[in-house]
Amino acid sequence: MTTLTVLGGGQLGRMMALAAIPMGVDVRSLDPSAEATARNVSVLTVGGLGDPAALIAAATGSEVVTYEWEGVPASSTRALEHAGWIVRPSTAALEISQDRIAEKSLFTSLGIPVATHAAVSSRAELKAALEAVGTPAILKTCRGGYDGKGQTTIDGPDDAEPAWAALGPAGDLVLEGRVPFDRELSIIAVRSVDGEVRTWPLIENHHRGGILRTSYAPAPTITDELQATADGYARAILDHFDYVGVLTVELFQLGDQLLANEMAPRVHNSGHWTIEGAKTSQFENHVRAVLGWPLGETAAIAPSAMVNCIGALPDAATILGLPGVHFHRYGKSLRAGRKVGHITVTAPDAVTLHERVDALRRLLPDDVG
Ligand code: AMP
């Protein structure tokens, strides 16, 4: 029996386990909460992700350790590596993804364009950064931000002081020029132990309140050139780290240009559609990659959309009557702003997909999606 340990027991770990089980893989998870959603589909160790004893307890019995959250302390994955475990993706990739400035420096060194930005760690540096970057701009914490948390907009000089008051105490910051993007995209890629790279089609992402609400895949009206550019960015990052597993890069599209916003060294919310909409899901390919197995095909099998359920869930009996709809509930308690499930819609063509998404939206309570 092959056993895989996943650090973090959220919905990404749960869906990883759900992909691993048919391949005969036993999954062990580590999470601080006994209510972690991976509890139903894996052997859950309850403990801190920075707790050495908990890490050893969760990893014992597995040769390979992976993670479903980029907030896992790099000291934890490094300690497991030193103790002889294979950790995939490696600590090096995890560490860079935890620091927005290190991430942007890496992208730049690999020839991947990013937004104009400057490091900020004092009021004086914020002033200088605003002069260099200009407004409108976004001030972000370098570490620990997610779902739009840890960032604030600066539209003009008057916003500088409140922005500093809000984020100054949070540690190192980065000021980014606000990119006047046409749309947001993501590229999800996977690299095997042998260095084979496969990418899924580009995904179009819609956010509200800093949280991903809806994804469309394959993203409409993508040229071969744009897909090739995104594939090239992902490949450059993957090869740089000799990376094993799934990597996501969030992108801004401006005309025929793509800027990288950030990377996640893991499976991603914008890739949930791959469960029903692609030949191999991001979760299955991540498991295959980290266990050293050949990758599956990543082509889309149908135009797909994914609608997140944020803080509330629709009634299953109501939405499952629609054609092409699949419902995923994570078994989490409902709380405002919390991702508690998602709905995938597939269709034979793009027009039907939009009709189906519209029909679905009419059935959703206002607070879902
Ligand atoms: P992030 O935490 O960096 O993923 O940012 C969350 C969301 O804020 C992104 O998905 C964008 O919608 C928006 N955003 C972040 N950075 C920028 C930027 N430099 N320019 C324009 N929009 C941004």
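Me: Why is the approach of the E250 side chain to the ligand called a polar contact?
Reply: An N or O atom in the side chain of E250 is 3.4 Å from an oxygen atom of the ligand. A polar contact is a pair of N or O atoms within 3.5 Å, so this pair counts. The model is predicted, and side-chain atom pairs count only at pLDDT 80 or more, local features needing at least 70, while totals for chains, interfaces and linings use all residues. Residues are numbered from 1 along each chain as its sequence is written, and side-chain values use heavy atoms, without hydrogens and water.

Me: What makes the pairs at K140 and N261 polar contacts?
Reply: For K140, a ligand oxygen is 2.7 Å from a side-chain N or O atom; for N261, the value is 3.1 Å. Both therefore meet that cut-off.

Me: How do you know how much of the ligand the protein covers?
Reply: On its own the ligand has 470 Å² of accessible area (Shrake-Rupley method, 1.4 Å probe). The protein covers 90% of that.

Me: Why are residues of the shell around the ligand called charged?
Reply: Asp, Glu, Lys and Arg count as charged, so 7 residues of the shell fall in that class. The others divide into 4 nonpolar and 4 polar.

Me: What makes L4 and W200 part of a nonpolar core?
Reply: Such a core is a set of buried (under 20% relative accessible area, 1.4 Å probe, protein chains only) Ala, Val, Leu, Ile, Met, Phe, Trp, Tyr and Cys residues joined through side-chain atoms within 4.5 Å. L4 and W200 are among those with the most contacts inside the largest one, which has 31 residues, so both meet these terms. Helix 1 gives the most to this core, with 6 residues.

Key. A polar contact is a pair of N or O atoms within 3.5 Å; within protein, one must be able to donate a hydrogen and the other to accept it, and residues adjacent in sequence count only if both atoms are side-chain atoms. Buried means under 20% relative accessible area, exposed over 50%, partly exposed in between (1.4 Å probe, protein chains only). Helices (H or I, at least four residues) and strands (E, at least two) are DSSP runs, numbered from the N terminus.
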